[in-house]
Each structure stands twice: as structure tokens, then as C-alpha cells.
Amino acid sequence: MDIATHKGTITNKQLLLAVACFIFGSTLQSSFSIGVTKQDTWIVVITGFIVGAIVALICLTLSSKFPGKTIIEINEIVYGKVIGKVVSSLYIFVIFSSVYLNTRDVGNFIVRDTMPQTPLAAILIIFIFVCAFAVNKGIVAIVRLGFLFFLLYIIALIISIILLLNNMNFSYFSPSFTLPIMNYVQGTHIIGLIPFGEVYIFMMIYPSVDKNCKVKKSVLSGMLIAAIAMLIIAIRDWSVLGSTATIFKLPTYQTVSVIEVGETLSRAEALFSISFVVLLFFKISVMYYALMIAFAQIFNIKSYKPLTYIVGIISICLSILIYDSVSENAYFAPNIAPTYVTFFAVVLPILALLIAKARGIGRKRGCT
Amino acid sequence: MIIFLIIVFAIIALINVPPLIREKQWRELTVYSGFFALAVTLSMLLALGVDIPSPIKGVQYIIKDVLHLNYK
């Protein structure tokens, strides 16, 4: 496959499932908004989805102006050769940081909750090795897994809801709308930009999609499905845990561990662990692939494949050294990360759109 | 630990480099060497227990202390 053009073999349905699974991966790490918006998290999920959809539309508009081009190539066309490379390296920096931050999340989760004796590095090495293997197989191989993971996640979600019906207490939701207004703004910003806004990474993948015309519809319906799942999770978690949900690192995990049917069916959090690792594998593989394509295009090389494992090693090192403690991680995600992502998912695409309009480049409307 | 790292990097180089030389992809080889050097340095420093500045803390510094765009 020619990397410079990488013309598409992803169908729109696969793109839809890929976007949904990509966001499912983040729904399991929902702890950062629950600490901010407490019982009103479900409201913030709805407003966050609206914001996220607008962000995705901005990125999609930019992509549809330059059909068949990734964000790295668009930067070069819009800003010119030198400034384009600078902007592209910023994008590489942020995609790279998404890769190692999410890898660290997987490591933290496994070390904290399932294998406390294992060193972090051992888990990260195994995990990244599997991701690198998937990335070397190409994006088509990765998105084909989307359907399987989608089913797995939906089935796990439905089973957990049925088993938790007994434990739900909807009086935990009152009083609604009593938090300071700033908390709703921050909550909307977090949900809108971190799970949904991260879809800007798909700007590296749209060129591989078969029919560019229907991309908008597939991405938005994928996001809608994920938003519904997220809403259900927000309601389920709060109605089971109540205000104790704010003290846990992963409220979703604690919610599932409440399940106990008779004496036989308990410890269902294994179900959650599996879907967490599997969906984050999917999410990280997509971002990792986007990163490799970005490297290939910025250095103008034919194939990213020899680089994959080396970049994997670098991201293992970085994900070990970024934080000294879990509490630093817990501060970064709700307070700094939304602004950080906003810059790349909203500010830069709008700037690129304006410059493209001013210079009169890019396709006007409609699609081929 | 260091010896283990050297062995692993040697194996990776042995797998990746010969095809690049055989197909005379010099540009790829240059980029590859750059990444390889970065990976070796980072992991050696980590293995030796040297404190490496975290890129995420740099981002945090810019957003929090320079731009003041953080929450809380």
C-alpha cells in the first residue's frame, strides 16, 4: 500500500463503528467529569455532546475542503512549507501525547486494580507491543476489529444494567441544577473536548475512507451512539454509587463491582476490565496509526513500518516519565487537558479554514 | 538492566535496518537513526534513574502559569 496516498478501503459503516469505539474507550475513564459535576453529570453529557459535535463538524469541514488530504498535508497547503511543518509538528506533539497519556491510563488501571505487584513498565511494554503489531497491519485491519469490540461493549453494558437494576436509586439525582455555573461550563468543556473532541485525530484517517461524501454522517452517528452509551453510563454510575462516585478513580469500575446476584455471580468487574483494556487498545491503535502516518508525511518517507516499534519504545519511556504520581494525572485531565485539546481541535482548524478562505484555496462545496 | 536494553535494541536494529540498506532507502534510514538514537537515550536515562523533564508538565506550565487558561 502506498503510504503517501493510502487511498481508501475503509467503508463508512466501519468508520461509524470505529468512531463509536474510539469514544467508548474514553467513556470508561469518565472519572474526571464526575468529580466536577457530581449528580448533574448526565446533563453535562448532553451539552458536551452538542459541543463535541460542533468541534467534529469544524474538523470535518476542513477535511472536506481538501479531499484525500490528512491534516499534515492540509497544513502544508494552507500555511506554506515552513510554517506548515511547524504547525504539523505541534499536531504530532499532541497526538503523541494522547498516545502516551492513554497508555499510562491503561498501565495505571492494571497496576492499581488487577495486578498490584507487576511493575508498570512490564505492562506497558506488552500493551504497546500488541498495538504496534496492529499498527503495522494497517488501519484497515484495525477498524475491522471495531465491529467485534462494539458488540462486546454493548453486550457488557446491557448485562451490567440488568444486573444492577436492584441497586439503582434515582433519588441520588436530586437536587439538580444546584452547582455553581462554572462547574457546568467546565464539565461541558471536559466532555465536549476530551472524549468527543479527540475525534479530530480522525483527520489523519478520513483520506482512507471509501466515499468521502458520507464521512460527516458516519462520524456524527458514531458520536451519537457513543453519547447515548455515555449518558446511560453516567446515569447508571450515579444511581448506583451516589456521591461516593466522586472519590473513586474509575467510578465505572466500582459500579460494576457492586454486582452480586445470589452468592454465585459476583466480581463482574472482570467484564469491565476486559472491555476497558480492549477498547483502549482500539483507541490507542487508532491514535498510534495516526501518529505513524503523520511521521511518514512530515519526514516525507515511503513507509512508516520500520519506525513503528521504535516510536512504541519512545512512547513507553514517555508514559513512564510523564507523571511522578497518580494525583498529578488526576489534576491534569480535568483542569488542563480540555484547554490543551481545544487549541488543536478548534482554534487551529478554524484558523486553517479562515486562511484557506482568504487565500481562495480548497474545494468550495459538494463532493465527488 | 542496561545489558538487557542493549540486547533488545540490537535485535530491533537487526530486524529493521538490513531491509532499508538493501533497498537503498537512505532517507528512511536517516529518519530511523534519529528515532533510534532518541529511543536509546530515553530508555537508558530511565534505566539509570535520571530525572527527565516531562513534556506534559511543560504543557501544564504553559497553560497554567503563562496563559492562565486552566480551571481551578
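**Helix crossing, odd loops and a chain contact**

Author: In this predicted model, four residues of α8(A), namely A:His189, A:Ile190, A:Leu193 and A:Ile194, meet A:Ala337, A:Pro338, A:Val341, A:Thr342 and A:Ala345 of α14(A).

Reader: What makes α8(A) oblique to α14(A)?

Author: Look at the angle: the two axes cross at roughly 50° and come within 9 Å. Under 35 degrees would be roughly parallel, and 65 to 115 roughly perpendicular. The crossing fits neither range, so α8(A) is oblique to α14(A). As for its hand, the crossing is left-handed.

Reader: How many residues of each class are there in the contact of α8(A) with α14(A)?

Author: Seven nonpolar, two polar and no charged. A:His189 and A:Thr342 are among the residues that meet there, and they count as polar because neither His nor Thr is on the nonpolar or the charged list.

Reader: Why is A:Phe177 called exposed or buried?

Author: Count the neighbours: A:Phe177 has 9 other C-beta atoms within 10 Å. The cut-off for exposed is 12 or fewer, so A:Phe177 is exposed. You'll find A:Phe177 in the loop between α7 and α8 of chain A.

Reader: What is unusual about the phi of A:Phe177?

Author: Phi there is positive, about 55°, although A:Phe177 is not a glycine. Most residues other than glycine have a negative phi.

Reader: And how do you know whether A:Asn300 counts as exposed or buried?

Author: By the neighbour count again. A:Asn300 has 10 C-beta neighbours inside 10 Å, and with exposed set at 12 or fewer, A:Asn300 counts as exposed. Its phi is positive too, near 60°, and its place is the loop between α11 (269-298) and α12 of chain A.

Reader: What kind of peptide bond joins A:Ser174 and A:Pro175, and how do you know?

Author: A cis one, with omega at about 0°. Most peptide bonds are trans. A:Pro175 lies in the loop between α7 (139-164) and α8 (181-196) of chain A.

Reader: How many residues of chain A are in contact with chain B?

Author: Here 24 residues of chain A are in contact with 27 of chain B. On the chain A side, α12 (308-321), α13 (326-335) and α14 (337-359) each supply at least two residues, and α12(A) gives the most, with nine.

Reader: What classes do the residues on that side of chain A divide into?

Author: The side of chain A that touches chain B has 19 nonpolar residues, four polar and one charged.

Technical notes:
Residues numbered from 1 in each chain as written. Chains lettered and ligands numbered in written order. Predicted model: local features only at pLDDT ≥ 70, side-chain atom pairs only at ≥ 80, totals over all residues. Contact = placed C-beta atoms within 7 Å. Buried ≥ 20, exposed ≤ 12 C-beta atoms within 10 Å, placed from the backbone. Axes fitted to C-alpha atoms, helices over the stretch in contact; angles between N-to-C directions. Parallel < 35°, antiparallel > 145°, perpendicular 65-115°, else oblique. Left-handed = near helix turned anticlockwise from the far one by under 90°.
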